[in-house]
Amino acid sequence: MEVVEVGVKHDREGFVKGDDSLLGHGAEGVVKRVKFLGRDAVVKERFSKDYRHPILDRLLTSRRLAQEVKTMARCRKLGIACPALYYVDMDSAKVYMEYLHSAKTLKDCLSEPLSSLQPICAKVGALVGNLHAGDIVHGDLTTSNLMMRTDGSLAIIDFGLSYLSSAEEDKAVDLYVLERAISNVHCEVAEKVNALILESYRQAFGSAKQVLRRLQEVRSRGRKRLMVG
Ligand SMILES: Nc1ncnc2c1ncn2[C@@H]1O[C@H](COP(=O)(O)OP(=O)(O)OP(=O)(O)O)[C@@H](O)[C@H]1O
Ligand SMILES: [Mg+2]
């Protein structure tokens, strides 16, 4: 199987700064653009951490990779937009997936004028509602993990911390993380944006009412934590 990494210079430590195929360099690993069997693709590679015990490190890395792959497959089965999965290499902790061409993160979209945000928020609420209706908890629902494609469709990525749960608490925490991410970056439009998202979440997910009730509790716990510091 041929995997060509486009324009990549790398060493054992990671990737040379300024490498234009690099899409992300997070705490856990790197995400870069590659060609996979002639297709534009993304490879996400998790690195081992020297400060972790090697056995724990291997366990965490393979668990996150397996979780990412399982949830992507579940999303595709449920008709929830996420990149198509191309190939998984458990030994080197790499997952190859479809490259979402010219997609913008929700973070970037939220810089647009408030008047144009309504359809975006409706899509976010519907997508998260469908996710939760399928008992998928994302675990890291930030504005960088939702991507708007040029055709206006929204996709979700980065499932390393996801898990299956029917618990209202877990879904409420997912919503709270998203709400905080939006408020932290776009405080001027946050209130309106969050309200629009929850409105379409309610429409997409039959049990939304119970989750939203729980969200109130999660918010007040969060506020107390902020006050205590
Ligand atoms: N399939 C994709 N198509 C286009 N861009 C992508 C794709 N996957 C990831 N990206 C880009 O790379 C960035 C980082 O990807 P991702 O969120 O999966 O990794 P991460 O946040 O570093 O992962 P983790 O939280 O597991 O350490 C994304 O915010 C996005 O800009
Ligand atoms: Mg991410």
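Gly24 of β4 has Val31 in β5 as its bridge partner, a handy place to start in this predicted model. The two strands, β4 (residues 22-25) and β5 (residues 29-36), are antiparallel and share 3 bridges. From there, the tour goes on to a magnesium site and an open sheet.

**The hairpin**
- With 3 residues between them, β4 and β5 make up a hairpin.
- As general background, the strands of a sheet pair through backbone hydrogen bonds, in either a parallel or an antiparallel sense.

**The magnesium site**
- Which protein atoms serve as donors to the magnesium ion (ligand 2)? They are OD1 of Asn145 and OD of Asp158, at 2.1 to 2.3 Å from the ion.
- This pair links distant parts of the chain, with the two residues 13 residues apart. Asn145 sits in the loop between β10 (136-137) and β11 (146-148), and Asp158 in the loop between β12 (154-156) and β13 (163-164).
- Are the two donors buried or exposed? Asn145 has a relative accessible area of 6%, so it counts as buried, under the 20% cut-off. Asp158, at 23%, is partly exposed.

**The open sheet**
- The sheet has 3 strands in the order β9-β11-β12, and their pairing is antiparallel.
- β9 (104-105) and β12 each have a single partner strand, so at these edges one side of each strand lacks a neighbour in the sheet.
- β11 and β12 are joined by 3 bridges, and Met147 stands opposite Ala155 of β12.
- Helix α3 (residues 118-133) packs on this sheet and touches β11 and β12. The direction of α3 makes about 40° with that of β12.

Conventions:
Residues numbered from 1 in each chain as written. Chains lettered and ligands numbered in written order. Predicted model: local features only at pLDDT ≥ 70, side-chain atom pairs only at ≥ 80, totals over all residues. Heavy atoms only, no water. Pairing = 2+ DSSP bridges. Helix = DSSP H or I, 4+ residues; strand = E, 2+ residues; numbered from the N terminus. Donors = N, O, S within 2.8 Å, 3.2 Å for Na, K, Ca; no water. Buried < 20%, exposed > 50% of the residue type's maximum accessible area, 1.4 Å probe, protein only. Contact = heavy atoms within 4.5 Å. Axes fitted to C-alpha atoms, helices over the stretch in contact; angles between N-to-C directions.
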